[in-house]
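Biologist: I'd like to learn how to read aromatic contacts in a model. Could you walk me through it?
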Amino acid sequence: MPLMAGEEERSGKKGSCYRCGKGNKFTDKEVCIVCGAKYCCDCVLRAMGSMPEGRKCVTCIRFGIDESRRGSIGKSSRMLRRLLTKAQVEVVMKAEISCQANQLPGNLVFVNDEPLTQEEVARLQGCRNPPKNLKPGSYWYDNASGFWGKDGHRPCQVISPQLNVGGHLRENASNGDTKIMINGRVITKLEVFMLQMAGVPCEAKRNYWVSADGYYQEEGMNIVKGKIWDTKIKLVCTILSLPIPTKSTIPLPAEEDGNFIEEKLLDKLVLVGYHKSGSSTIFKQAKFLYNVPFSEDKRQSIKFMIQSRLYSYLGILLEGREWFEEESLVENRKGELRDEPGPSGITSQLDSKTTYTIGPRLKSFADWLLKNLVSGTLEAIFPAATRQYAPFVEELWNDPAIQATYNRRNELEMLPRQATYFLNRAVEISRTDYEPSDMDILYAEGITSSNSLNTMEFSLPRSFECSDLDSFYQHNPLQRYQLIRVHSLGGSCKLLEMFEDVDMVIFCVALTDYDEFCEDANGVSINKMMASKQLFESIATHPAFDQKHFLLILNKFDLLEEKIDQVPLTRCEWFNDFNPATSDNPNSSNNNSNNPTLAHPAFQYIAMKFKRLFHTQTDRKLFVSPVSALEPDTVDEALIYASEILRCEEEVPRLIYEFSSASIDASSTA
């Protein structure tokens, strides 16, 4: 029988370890949740690496799990607890549960006779009160009351109501054999008994409408008859093995809440942007600003990710070292041809060494690192690699050849800008006791991209309140905000159809993208600013966001100041009419602090281009805020500005962000 994708082939006898071939069926082993390969305690860490997706062979990473093993997801084994620390086991189990590849395929789950999409599965599992132990199968769901059960059976749970998943509820969904219907479903005899105990009339044929909070009324009658759930009925349901709603299922009535209903005090902000626009850094900065900390498990995974990226940055340096060494050797040989040659042995010895030559010990480490970098298995070998190779990192970083290469880092196009920050602390980061700081997390890429969505809830600090303002402008201290970051939209906004109920769209644009290029979904090279423009247009005109507030965040203003003097804004075809009125004295900005740099009119020009585009497409006003995502004050100001916009029908005066059309027209004449 041929092997499946990612499946390991056993080399030993039946019951033995798949890697070393030793042991028998009684030997304790760890099982791959994809292919079923079993490994002994000596081989499991070598075969599964750092387990970035849980207990999988390295070759099975990115493959979906065997559904027959779904029951073991997130349940650590005795072997793992023996081999790893408690914190490491928790990180592996958390990764196993949350990894995208391990999620339940939507086409295996049917709700009200309709297969679910992956978005619906995520919505179902991510709600406040999700179904317990969701597995492949057929289920029915009453989205008005929240009742949930297996197809053809009585309800087994009350989950969050009003979820847009599956098809329409059938009358015979639970195979009821009574004359009583609730929300269009014929209920079972046990449910009728429960209703009778609650004092609900059940004689003759009755059709009831039951809401999530337990209030019921007859269909067609707009009169509430009473409420089902109380302490007595919950006890009855427990005896009858019928489900009861939890606190997270029942919404708070206004009369029982001392202030406001929670839903009315939660404004939803969706944060989007083109790839690497900085929305991830803004999201992380907001978590630090409003005291929404990363969990200890998340910080551990961030630590391993940063250490893994450090090794990849070192790999890029080592590749550069090889190029520079070869370049130096060629130059040396050219020099020898011009000079009179000496003894052949001396010439050969001199010819083989340059400023970029490293010793045999480091060369062996460099070859291992480059091999893993090329094969794409670098992340899979962490955190074991940190313990084993940390001493090499310090030796490598202090080597003159690597320092000489690092001094020419601007010539290495593959080395990202943030690599400099981490390479300058390479020795510290490579150690096993390293703990990432908040700034490390801000600089790190890929932290919030494990899923398509990341969310956080926060309140603005009380220090934002100002007693001098009119009460209309005062910030409500009970008001909360939900920031939803949609990861890496690329050129599509299909995922945003899920967010029809958001109050504001925050669109992030990197000001430095005007001369940079990337490949679109079709593999065609496109200017990144033009790609942002296209994505912005598609979102602004999407029916889901009709009449929604839009806030444009122009990010990386600090980097624009460094870049624009060397690279003109007209590199982008959309900005070909940018021609600001500049001072006759090019050094005047150094002598007069009131004279703005070229970045200021460039920022104003880009802001106005987007404002005009938005007005043309929607006939509405676009709000704009400048941000440097690594500077917390600018992110704080932008989110406070967002809250002001939501409280006011018209824009609150904010002169620093307002630009008159006349000033822009004067500075952009062709």
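Modeller: Sure. Start with burial: a residue counts as buried when its relative accessible area is under 20%. Keep in mind that this is a predicted model.

Biologist: Okay, is Trp-574 buried or exposed?

Modeller: Trp-574 has 13% relative accessibility, so it counts as buried. Phe-610 is at 0%, so it counts as buried as well.

Biologist: And how do I describe a pair of rings?

Modeller: You give the distance of the centres and the angle of the planes. Here, Phe-557 and Phe-603 sit edge-to-face, 5.9 Å centre to centre with 85 degrees between the planes. Phe-557 belongs to helix α17 and Phe-603 to helix α19, 46 residues apart. Both of these Phe residues are buried. Trp-574 and Phe-610 are edge-to-face too, at 5.0 Å and 85 degrees.

Biologist: Which parts does that last pair, Trp-574 and Phe-610, tie together?

Modeller: Trp-574 is in the loop between α17 and α18, while Phe-610 is in helix α19, so the pair ties together parts 36 residues apart in sequence. Both rings also join one aromatic cluster, with Phe-507, Phe-550 and Phe-575 among its other members.

Biologist: What about the nonpolar core around there?

Modeller: The largest nonpolar core has 45 residues, and Phe-610 is one of those with the most contacts inside it, as is Leu-554. Helix α19 gives the largest share, nine residues. Leu-554 touches Phe-603, Ile-606 and Ala-607, among others.

Biologist: Where does Arg-408 lie?

Modeller: Over the face of Phe-324, with 3.7 Å to the ring centre.

Note on methods:
Residues numbered from 1 in each chain as written. Predicted model: local features only at pLDDT ≥ 70, side-chain atom pairs only at ≥ 80, totals over all residues. Heavy atoms only, no water. Core = buried A, V, L, I, M, F, W, Y, C linked by side-chain atoms within 4.5 Å. Buried < 20%, exposed > 50% of the residue type's maximum accessible area, 1.4 Å probe, protein only. Helix = DSSP H or I, 4+ residues; strand = E, 2+ residues; numbered from the N terminus. Contact = heavy atoms within 4.5 Å. Phe/Tyr/Trp six-rings, centres within 6.5 Å; stacked < 30°, edge-to-face > 60°. Lys NZ or Arg CZ within 6 Å of the ring centre and 35° of its normal. Lists of a residue's contacts leave out its neighbours within four places in sequence.
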